[in-house]
Structures are given as C-alpha cells and as structure tokens.
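Thanks for asking me to look this over. Here are my notes, written as numbered points so that you can go through them with the structure open.

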Amino acid sequence: MSRSGSGYELLAPAEMAAADRAAMDAGVPGSVLMHAAGMAVAEAIAGRWPRGRLLVLCGPGNNGGDGFVAASILAAQGWPVSVALLGEREQLRGDAAWAASLWTGPVMAADQVDFLGYDLVLDALFGAGLARELDGSAARLVERLAGSGLPVCAVDVPSGVDGATGCVRGVAAGAALTVTFERGKPGHWLYPGRALCGELHLAGIGMPPSVLAGMDIQTWLNDPAVWLDVFPFPGELGHKYTRGHALVLGGASMTGASRLTARAAQRVGAGLVTLAAPAAVWPVYAAALESVMVAALDDTQGFAKLLADERRNACIIGPGAGLGASTREAALAALRLQRATVLDADALTVFQDAPQALFDDIQGPCLLTPHEGEFARLFAVEGGKLARARQAAHLSGAVVLLKGPDTVIAAPDGRAVINGCAPPWLASGGTGDVLAGLAGGLMAQGMPVFEAACAAVWLHGQAARQIGPGLVAEDLVATMPGVLAALFARKKNP
Ligand SMILES: NC(=O)C1=CN([C@@H]2O[C@H](COP(=O)(O)OP(=O)(O)OC[C@H]3O[C@@H](n4cnc5c(N)ncnc54)[C@H](OP(=O)(O)O)[C@@H]3O)[C@@H](O)[C@H]2O)[C@@H](O)CC1
Ligand SMILES: [K+]
C-alpha cells in the first residue's frame, strides 16, 4: 500500500469536524472547503484513472456534498458521470444542498443503481459523520458496491469504516484510493480500515493554518518528527558511563530471547548491558555473549541486589524470563526503585491474576509491551485498539505499546502514536525480544519512555523493511547500525 503526503498528525473525525467549524468561524465558508474537497477528489481521480464511465454514490450528508462537487467538475471535463443519491434530494441541508445544486444532470435513487456498465465508482456515502452501524438500504448499497468488483475511490474514508477506530460499522467496501482532507485519521492507519483504504491521498482544502495549529493534537503516525528531538544521539564528549547501563533478566531455559534483547539494547546505544541469569545456566549465556556482561543470580532476590548499583538505570524484564517468582520479584524490584523499566512477555503474564498489584507499583518510568493476548490478561477494557491502549496507559500509569501490524503506543497523559511502517515479515519469533531491547536501550540513555517506545518501534520497522522477506530476529540486531546511520543523517540534515 503506498501512502502519499500523509503527514504525521492525525485527527479523529470529531476533531476534524471541529476544525471545519473553526475554519468557518474564522471566515472560510463551508462551501469553499467543500468545493476544495470535491476538487481534490476530482483531481485525484483524473490523475490516477483514464477517463471512463464514473458512478458517483452520494450520501445524505457533507460526504455526499463532496461527491456532488467532484461529479460536477469531472462531468465538465468530459467524463461520462452518473450520480445516485442515498436519501431524498429535498432532505439535503446546508453545504451538501448547495453542492447538489451544482449537479444539473439526473440523480438516481440508490436502490436503482446497477453497477454494470461503469468503469469506476466514487464512494461519497459516509465519511466523518458515520454515527452507527450501517443497516437497511445503506448496508445493501455498500454490500453491492463491495461485490461489484469495480475500482473504488473513497471520499475521506471508505463508507462504513469508522475514521476514529478503523473498525467496520456493519459493512464497508474496500477502495483503491482514499482521498482525505488536511490530516489523516486514525482509521486510515488502524486495521481493518487501513487495509480497506488502499492508497491514501492527503489533500489540503484551504483550512487556515492557525485553525490546525490551535488543535490540541494528541495522536500521531509514528514518524521521527514525533521523537527525534529527544533521541539520544551520542555526544562527542560522551563515554560508556554516560550512555546508560541496561540490566536484562535472563531465563533458565529460553536463553535466546534475552540474549536478543541484550544485543538490541547494546546496538541502539546503551553504554553497558548486563544480562543477569540463573547461576545454573550462566555458562550458556557467558559463552554466547562477549561485550554483554553476564551476572549469575543465586536466588529470586538476586536481581534486586544487582539494582543496588544505581548506575544500572534501566531494566528489561520478560523475554524468555519464565512465569516463576523470580520474574515477578525482578519486575517489582525494578518498579519499586523507579528504574526505567520495560516489562514484556512473561513479565506481563506473571501478573495476570492480580494486575492491580502491578499497576500500584508503577510510579516511575515504565513501558509495558503486550501483544493482544498479553494485553487481554492485564486489561479488561473495550473498544478500538487506540482507545484500549489509551485506557490501559491511564489505568496502569505506564506507557503501553500494544503490538500488532498497527502497533499503538499510548502514554498515561493521553498522547498516542500509531505505527505505519511494520512489514508483515516482522511477525516471527524473537522480534518482540529485540523490540523490548531497543526500547530499554533507549530508556537507559535517558530517552523519555513514550518517545523511546515510538523510536524503538520505528527503528524495528525500518530495519525489517531493509531486510525484507526471510527476516529472522537476529537480522534486526545486525541491521540496526545502517538504520541508525540514516537516522543520524536525518538529524544533521532534517
Ligand atoms: N463543511 C464541512 O464540514 C466539510 C465536510 N467535508 C466532508 O463532509 C464529511 C462529513 O460530513 P457530515 O458530518 O455531514 O457526515 P457524513 O459522513 O456525510 O454523514 C452524515 C450523514 O449520514 C447519516 N448517517 C450517519 N451514519 C449513518 C448510518 N449508519 N446509516 C445511515 N445514515 C447514517 C447522517 O444521518 P443522521 O445521523 O443525521 O440520521 C447524516 O445524514 C467529511 O467526511 C468530508 O467528506 C468536506 O467537504 C470538508 C468540509
Ligand atoms: K466515503
């Protein structure tokens, strides 16, 4: 899926509607915005498809208004255009009624539409105003559109996709191209909406910059612009003791996982990394790691004893750790000392019977990195992925990194980032261990937790894109220097 000019600030549909109103209050008539929106749609269509028989499906609100504008412009350019309206023309209000008046051709009733004989469909049924599940005639029309096999251009979002959540409200038809306005919406980047949008095209519609600057934007697409300012680029006068010391808990049997974690923490720049492993398996770790220090743990309190050295400023606990008392004790020790702490995998599951006990001890910088299964063990929250991650961060007091093809990172203060750069071949064993190490390694260098989590996810995704299909987790560690070099170059030449 290619995405052009999408920017990185995201606005939920309700926020975009507020921006539209603010623009009108600032003196830009709604009809001017709508004309610009319809023009942008017409240009996107003409730029992508050869002239052909176009069917424009207009809905009862302003999304339909955009459709009428685009239909009028393309017809004036010589496109053979047919228009169908879901609802009564007399019921159209405001800017949509004005836009419909631009269209002088016939308007079919939606239930009369026959998809045969068209080359392309413009879906202008529902956009930001989708308020409930599609049913009845609206659902039937969208189902028939989805089954038509015709290429679809969607206005703002594919109708039926909730722009706030990416969820399908009843039914939705996938588009080849989605044209949205001024800012992307979370639903363009969260599945299943993301897969239904096709190529995403972001068009300006003349919204005054002061209106957007005045929005309290709290949601972003993961982009270095969100976190580059606080990325711990090494200073010329730095030495290993100024670059943090990450302490990784190793397990008794799955020894590969925490080794990947430790190496990732090193690669991303932690000055020192110690892996603490049960004494019985210490030789396994010691034989496999050279520049990572390996400490032997004699009992469940051993990890806490290592934290007596305050220079060990960040802990990464969970990969391969096991579900025993030592994992739980290590996590609680790190949290109670308010060390920067990443809890992943087993260090999350080990709290499934009493998550509140975990949350009560989260007072300092903490990152939780669950996949959906681990998330459900800790958090009884409902809703879309973005809302659930936000609620979990609020409830736990930790930054929550909810993994998946559309990973969401949410902070307790309400900020959230959606990741758009993870290729599917990242879904393989050990990649999560590397991610935990990247985040912990950045936190060891003093990067704030939310930004460290976003940067780790981004670096992870960029490395995976460079490696391509066939990726194994070790490759991510090996590829990190190249990814970091490109990031450093970007810092110098933004
Ligand atoms: N001037 C502006 O503001 C600009 C707006 N712009 C464009 O406007 C779009 C937003 O327009 P919008 O707010 O009118 O919402 P829209 O998506 O057309 O839907 C509302 C209509 O659908 C109906 N409806 C809702 N759910 C339904 C359901 N499940 N099943 C059936 N019906 C349902 C709802 O009915 P009601 O809920 O009132 O009964 C109402 O009639 C935005 O995406 C962008 O494309 C751009 O031109 C820039 C300038
Ligand atoms: K639409």
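The points below go from the ligand sites to the backbone and then to some individual residues.

1. One thing to keep in mind throughout is that this is a predicted model. Everything in these notes should be read in that light.

2. Let us start with the metal. Which residues coordinate the potassium ion (ligand 2)? The side chains of Asn 63 and Ser 159 contribute through OD1 and OG, while Asp 123, Phe 126, Val 155 and Val 157 each use the backbone O. The distances run from 2.6 to 3.1 Å. Along the sequence, the spacing of these donor residues reads N-x59-D-x2-F-x28-V-x1-V-x1-S. Two of the donor residues, Val 155 and Ser 159, are buried.

3. Why is the arrangement around the potassium ion (ligand 2) irregular? The angles subtended by the six donor atoms range from 69 to 173°. Six donors count as octahedral if opposite donors are over 155 degrees apart and all others lie between 65 and 115, and the angles here make the arrangement irregular.

4. Next comes ligand 1, which has 24 residues around it. The closest are Asp 66, Gly 127, Ala 128, Arg 132 and Asp 156. By class, the shell consists of 13 nonpolar, five polar and six charged residues, so you will find quite a mix when you click through it.

5. The protein backbone also meets ligand 1. An oxygen atom of ligand 1 lies 2.6 Å from a backbone N or O atom of Gly 127. For Asn 62, a backbone N or O atom is 2.9 Å from an oxygen atom of the ligand, and for Gly 129 the corresponding distance is 2.9 Å. How much of ligand 1 does the protein bury? Taken alone, the ligand exposes 930 Å², and 76% of that is buried by the protein. Three helices give two or more residues to the shell: α1 (13-25), α2 (30-48) and α3 (62-76).

6. Now for the backbone. Most residues other than glycine have a negative phi, and most peptide bonds are trans. Against that background, please look at the peptide bond from Tyr 191 to Pro 192, which is cis, with omega near 0°. Pro 192 sits in the loop between α6 (186-189) and α7 (193-197).

7. Glu 182 has a positive phi of about 70°, although it is not a glycine. You will find Glu 182 in the loop that links β8 (177-181) to α6. Is this residue buried or exposed? Glu 182 counts as buried because its relative accessibility is 10%, against a cut-off of under 20%.

8. Ala 345 is another residue other than glycine with a positive phi, here near 45°. Its place is the loop between β15 (340-344) and α14 (346-349). With a relative accessible area of 15%, Ala 345 is buried.

9. Asp 406 deserves a look alongside the cis peptide bond. A polar atom of the Asp 406 side chain lies 2.7 Å from the backbone nitrogen of Tyr 191, the residue from which the cis bond runs to Pro 192. The Asp 406 side chain also makes a polar contact with the side chain of Lys 385, at 2.8 Å. Asp 406 belongs to the loop between β17 (399-402) and β18 (408-410), and its relative accessible area of 5% makes it buried.

10. Where is Gly 160 found? It lies in the loop between β7 (152-155) and β8, and Gly 160 is buried, with a relative accessible area of 1%. Its C-alpha atom is separated by 41 Å from that of Val 477, which is 317 residues away along the chain.

11. Two further buried residues can help you find your way around. Ala 100 is in helix α4 (residues 94-102) and counts as buried at 2% relative accessibility. The C-alpha atoms of Ala 100 and Leu 228 are 46 Å apart, with their positions 128 residues apart along the chain. Leu 289 is in the loop between α11 (282-288) and β13 (293-297) and counts as buried at 6% relative accessibility. From Leu 289 to Ala 453 the C-alpha distance is 25 Å, and the two are 164 residues apart in sequence.

Key. Residues are numbered from 1 along each chain as its sequence is written. Chains are lettered from A and ligands numbered from 1 in the order in which they are written. This is a predicted model: local features need pLDDT of at least 70, side-chain atom pairs count only at pLDDT 80 or more; totals for chains, interfaces and linings use all residues. Side-chain values use heavy atoms; hydrogens and water are left out. Donors are N, O and S atoms within 2.8 Å of the metal (3.2 Å for Na, K and Ca); water is not among the atoms, so sites may look incomplete. Four donors count as tetrahedral if all angles lie between 85 and 135 degrees; four count as square planar and six as octahedral if opposite donors are over 155 degrees apart and all others between 65 and 115; anything else is irregular. Buried means under 20% relative accessible area, exposed over 50%, partly exposed in between (1.4 Å probe, protein chains only). A residue is near a molecule or strand if one of its heavy atoms lies within 4 Å of it. A polar contact is a pair of N or O atoms within 3.5 Å; within protein, one must be able to donate a hydrogen and the other to accept it, and residues adjacent in sequence count only if both atoms are side-chain atoms. Accessible areas come from the Shrake-Rupley method with a 1.4 Å probe; for residues, only the protein chains shown count as cover. Helices (H or I, at least four residues) and strands (E, at least two) are DSSP runs, numbered from the N terminus.
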